[in-house]
Amino acid sequence: MAFPCFDEPAFKARFSIKIRREPKHLALSNMPIVKTVNITSWLVEDHFDTSVKMSTYLVAFIVSDFKSVSKITSHGIKISVYTVPDKINQAVYALDAAVKLLDFYEDYFSIPYPLPKQDLAAIPDFQSGAMENWGLTTYRESALLYDPEKSSASSKLWTTMIIAHELAHQWFGNLVTMEWWNDLWLNEGFAKFMEFVSVSITHPELRVEDYFLGKCLDAMEVDALNSSHPVSTPVEDPAQILEMFDDVSYEKGSCILNMLRDYMTADVFKAGLVQYLQKYSYQNTKNEDLWNSMTNICPTVDTDENELQGDNFCRRNQLSSSSAHWTKRETLDVRAMMNTWTLQKGFPLVTVTVRGKNVHLQQEHYMKGVDSPSSTEYLWHIPLTYITSKSDTVQRFLMTTKTDVLILPEEVEWIKFNVGMNGYYIVHYEDDGWDHLISLLKENHTVISSNDRASLINNVFQLVRIRKLSISKAFDLTLYLKHETHIMPVFQGMNELIPIYKLMERRDMDDTANQLKEYIVNLFKDLIDKQSWNDEGSVSERMLKHSLLLFACVRGYQPCVDKAQEYFMKWQKSNGTLSLPTDVKTAVYAIGAQTSEGWDFLFSKYRLHSFNLEKHKIELALSLSRNNDKLQWLMDQGLHGDIIKTQDLPHIILFVARSPSGYHLAWTFLKKNWEELVEKFELGSRSIADIITGVTNQYSTRLQLAEVKEFFNSLEEKSSQLRCVQQAIETIEDNIQWMDRNFEKVKKWLQNKKL
Ligand SMILES: [Zn+2]
């Protein structure tokens, strides 16, 4: 809209930009200013240097009164962070992180960053999380600004990762661009994946690698539905293109890259990436260009040793690594393998049956919902990994057929596949396979890694969904959580159990819902009691504390409620000047917001606050009110966009939908304001998708299903055909079946179980 152009990724051009502005403002664009001329006494014109060759979607310019802080990287690039003037003190963390990360990428990719500068700008009201415009990346304030005094531990983690993401795009996306939006994942999957590669090295204290697993589980959640799509999918119109910016392109894309890296080894994988980026600099690519770069990196090894081509590192890799699959019999066909992951939707379920030393394997397409026809033609090349009770050395096996057999050197008590869940598949253990793993968790859970434990918790509940296991087996497994202290398994346990009582709450099955809540609180009681109400500890300890205390307080665990009330009263008495520990704030606010007076006081503080993350915490607390008028008012204000910013409306709606008294309101609000929401957030956008799925994903009755179907059918085709609408409908259908089959069993299990 700013200028006539062909806005398609494959049309690359050099851009010369001139901007007229008032002298009191400053202008920014992709390149530095080369000169400024006076046009009149009240108008000046900035001339920016000509850009490198790039796609139109990367052009950016800003006219503002922002302030900035700057540093020079060790490679001589000037980095600046721009914000509104009164937040400039919160820009320091981002500046240091960006300097470290840009230096890292220049070294890692062995390709210099081609521009003389990189500006990072915090935009006060911004729909996306961030945008990777070449040389001028833009962010939500909450994604870029960090206040060491006020920000919570998780915000440090997310800020660092988002900067890492946008800077990775300067190579993946900007330098080498997908030819068309069907391969969006080449941009986004890579940028997501590089977040973890770069931050784990530049900021090891954040332990970012611990959280990678969560991305893959999120992706599998939508990828298990029939409405999912292959990573690489044909798209044409703007709404379809927008819809590509989803968990499949980002999260699944990054997970299958991680799986490939784990399979090829980090060094070989990196060499392939570098070759790809160098070969296609300033050009456009398709899926297969990437796989060809990976395949040619080291010659395949079905030849004699002395015929091997390539550099020393390739030869070393091929000869040394018996643990890593470059065995002589195995030809690595990256393209054939990765095509099974990018051109097919969904993911495989691997069923393992142990008979003595023989391990029988079978793969099939995992799909939620019994009525979905499970397609038999799906086949993946699965890089399997496993450990056993006899050996914690990771063994590897590439499964390329429907069924296969592995022979172990000796009989084992248990076997665990998908080590660390680096692979994008789930595993079912036939016969007493699960029983052995459940005993292992009960007796000595630390024998396997925390990510292995989290993956078992995830897989067992996934198997219940498709009737491979009973719900009581899954609940039996959760009993071990009483002794769990690590963040990922604790989060995964909560992620599986909490939605179950939410389904019940929405159907007035309060007795069982309450019993289940009590069970969960009991599971984590020791861990909750151990939490200190201060900001000490590592990032993951602090994040765990934040979630546990919020959960405990909202679920009415009395010791937590008492303490939070005490804090809230002190804070209120000080008129909000008392500084609360950042990681317990949300819990304190949530309890405070339960009274009408507390809610009003919190809201008065919300209006005064300029600090975004603080506002976010208050928004969550306000949405936990049981007062429907207040909840309605919150959503109305978000739509208004005055006191509550428009960018915050989608998560306000989700917060309200999640609260026990608000889910009706959220659905009514969605229906009533549909036109306006679409106008604000665009059809096909992530925001619209989040609202639709978030509002409906805890519905589980046929009546609710009919209501949702009826509403979307009444809309024009463009809306009713949205993928997120299909996802919502499938999820409700799945919930209905789940409740039909499992509710009574859960009830019985809870009655019989004494923790
Ligand atoms: Zn991105």
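Which residues are linked in a network of salt bridges? In this predicted model, the network comprises Lys192, Glu195, Lys215 and Glu251. Side chains of opposite charge can pair when their charged atoms come close. A search of the whole structure returns 32 salt bridges, and three further pairs are described individually below.

The pair formed by Arg20 and Glu45 has its closest N and O atoms 2.7 Å apart. Distant parts of the chain are linked by this contact, since Arg20 belongs to strand β2 (residues 18-21) and Glu45 to strand β5 (residues 43-48), at a separation of 25 residues. The two partners fall into separate accessibility classes: Arg20 has a relative accessible area of 51% and is therefore exposed, whereas Glu45, at 11% relative accessibility, counts as buried. The cut-offs behind these assignments are over 50% for exposed and under 20% for buried.

A second salt bridge joins the side chains of Lys87 and Glu141, with an N to O distance of 2.5 Å. Lys87 is located in the loop between β9 (78-83) and α1 (92-109), while Glu141 is part of helix α2 (residues 141-144), so the pair ties together parts that lie 54 residues apart in sequence. Both Lys87 and Glu141 are buried.

Between Lys473 and Asp435, the closest N and O atoms of the salt bridge are 2.8 Å apart. This pair also links distant parts of the chain, with Lys473 in helix α14 and Asp435 in helix α12 (residues 433-444), 38 residues apart. Lys473 has a relative accessible area of 23% and is partly exposed; Asp435, with a value of 33%, is likewise partly exposed.

Helix α14, which carries Lys473, is also one of the elements against which the buried residues of helix α16 pack. Helix α16 covers residues 510-530, and its 21 residues should span 30 Å at 1.5 Å a residue; the C-alpha atoms at its ends are 29 Å apart, which agrees with that expectation. A bend of about 60 degrees is nevertheless present in α16 at Phe524. Phe524 is itself buried, and the other buried residues of the helix include Thr512, Ala513, Leu516, Lys517, Tyr519 and Ile520. Val521, Leu523, Leu527 and Ile528 of α16 are buried as well. The packing partners of these buried residues are α14 (471-478), α15 (487-505), α17 (539-554) and α29 (723-752).

Definitions and conventions: Residues are numbered from 1 along each chain as its sequence is written. This is a predicted model: local features need pLDDT of at least 70, side-chain atom pairs count only at pLDDT 80 or more; totals for chains, interfaces and linings use all residues. Side-chain values use heavy atoms; hydrogens and water are left out. Helices (H or I, at least four residues) and strands (E, at least two) are DSSP runs, numbered from the N terminus. The expected span of a helix is 1.5 Å times one less than its number of residues. The bend at a residue is the angle between axes fitted to the seven residues ending there and the seven starting there. Buried means under 20% relative accessible area, exposed over 50%, partly exposed in between (1.4 Å probe, protein chains only). Contact means heavy atoms within 4.5 Å. A salt bridge is a side-chain nitrogen of Lys or Arg within 4 Å of a carboxyl oxygen of Asp or Glu.
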